[in-house]
Amino acid sequence: MIFNFKRLKAERVAKGLTQAEMAKRSGISRTSYWKKENGKSDIGVEEFTRMLTVLGYPENKISIFFTKSVDKREQKINIVKERRKQHAGISNYAKSTSCD
């Protein structure tokens, strides 16, 4: 699982909070918060818990801040599978509309 920094920013913006407000409510400096929101610095468990509280999320909803890690090989396999599905759809359409 990979932390989705864009989601953290989106949730902060959706709540109408500036980085400075979010930082103050989370108990960290604005510079430190900026680094964390932009992936330049790690977010500790306690800090993340405080951020969730500020954003109004219970701890059992933290999954929205994470994405599944997909390696390049798996991405290529998924692309090939999708292309095969598309090709099969085109072939089936061509067969059903042929002039016999």
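The exercises below concern helix α1 and its surroundings in a predicted model.

Residues are numbered from 1 along each chain as its sequence is written, and side-chain values use heavy atoms, with hydrogens and water left out. In this predicted model, local features need pLDDT of at least 70 and side-chain atom pairs count only at pLDDT 80 or more, while totals for chains, interfaces and linings use all residues.

**Exercise 1. Describe the overall fold and its surface.**

Step 1. Assign the elements: helices (H or I, at least four residues) and strands (E, at least two) are DSSP runs, numbered from the N terminus. The protein has five helices and two strands, and along the sequence they follow the pattern β-α-α-α-α-β-α.

Step 2. Classify the residues by relative accessible area: buried is under 20%, exposed is over 50%, and partly exposed is in between (1.4 Å probe, protein chains only). Of the 100 residues, 20% count as buried.

Step 3. Take the accessible area (Shrake-Rupley method, 1.4 Å probe; for residues, only the protein chains shown count as cover). The protein exposes about 7,700 Å², of which carbon and sulfur atoms supply 53%.

Step 4. Count contacts, meaning heavy atoms within 4.5 Å. Among contacts with a separation of 6 or more, 53% come from residues 24 or more positions apart.

**Exercise 2. Determine which side of α1 faces the rest of the protein.**

Step 1. List the buried residues of α1: L8, E11 and R12. They lie on the same side of α1 because they cover an arc of only 100 degrees around the axis, the arc being that of the directions from the helix axis to the C-beta atoms.

Step 2. Find their packing partners. The buried residues of α1 pack against β1 (2-3), α2, α3 (30-37) and α4 (45-55).

Step 3. Check the face turned away from the buried side; K6 and A14 are the exposed residues there.

Step 4. Inspect the ends. At the N-terminal end, N4 caps α1 with a side-chain oxygen 3.1 Å from the backbone nitrogen of K6. Just after α1, G16 takes a positive phi of about 75 degrees.

**Exercise 3. Compare the surroundings of L8 and R12.**

Step 1. Start with L8 and the largest nonpolar core (a set of buried Ala, Val, Leu, Ile, Met, Phe, Trp, Tyr and Cys residues joined through side-chain atoms within 4.5 Å). This core has 13 residues, and L8, M22, Y33, M51 and F65 touch the most other members. The elements giving two or more residues to this core are α2 and α4; α4 gives the most, with five residues.

Step 2. List the contacts of L8 beyond four places in sequence: F3, Y33, E37, I43, M51, L55 and F65.

Step 3. Turn to R12, which counts as buried at 6% relative accessibility. With the same exclusion of residues up to four places away, R12 touches L17, T18, Q19, M22, Y33, E37 and L55.

Step 4. Look for a polar contact (N or O atoms within 3.5 Å; within protein, one must be able to donate a hydrogen and the other to accept it, and residues adjacent in sequence count only if both atoms are side-chain atoms). The side chains of R12 and E37 are joined by one of 2.7 Å.

**Exercise 4. Locate K9 and K15 and relate each to a residue distant in sequence.**

Step 1. K9 is in helix α1 and is partly exposed, at 44% relative accessible area. K9 and E37 are 28 residues apart in sequence, with C-alpha atoms 6.5 Å apart.

Step 2. K15 is in the loop between α1 (5-14) and α2 (19-26), and is partly exposed at 46%. K15 and L55 are 40 residues apart in sequence and 7.0 Å apart, C-alpha to C-alpha. The side chain of K15 reaches the backbone oxygen of L55 at 3.1 Å.
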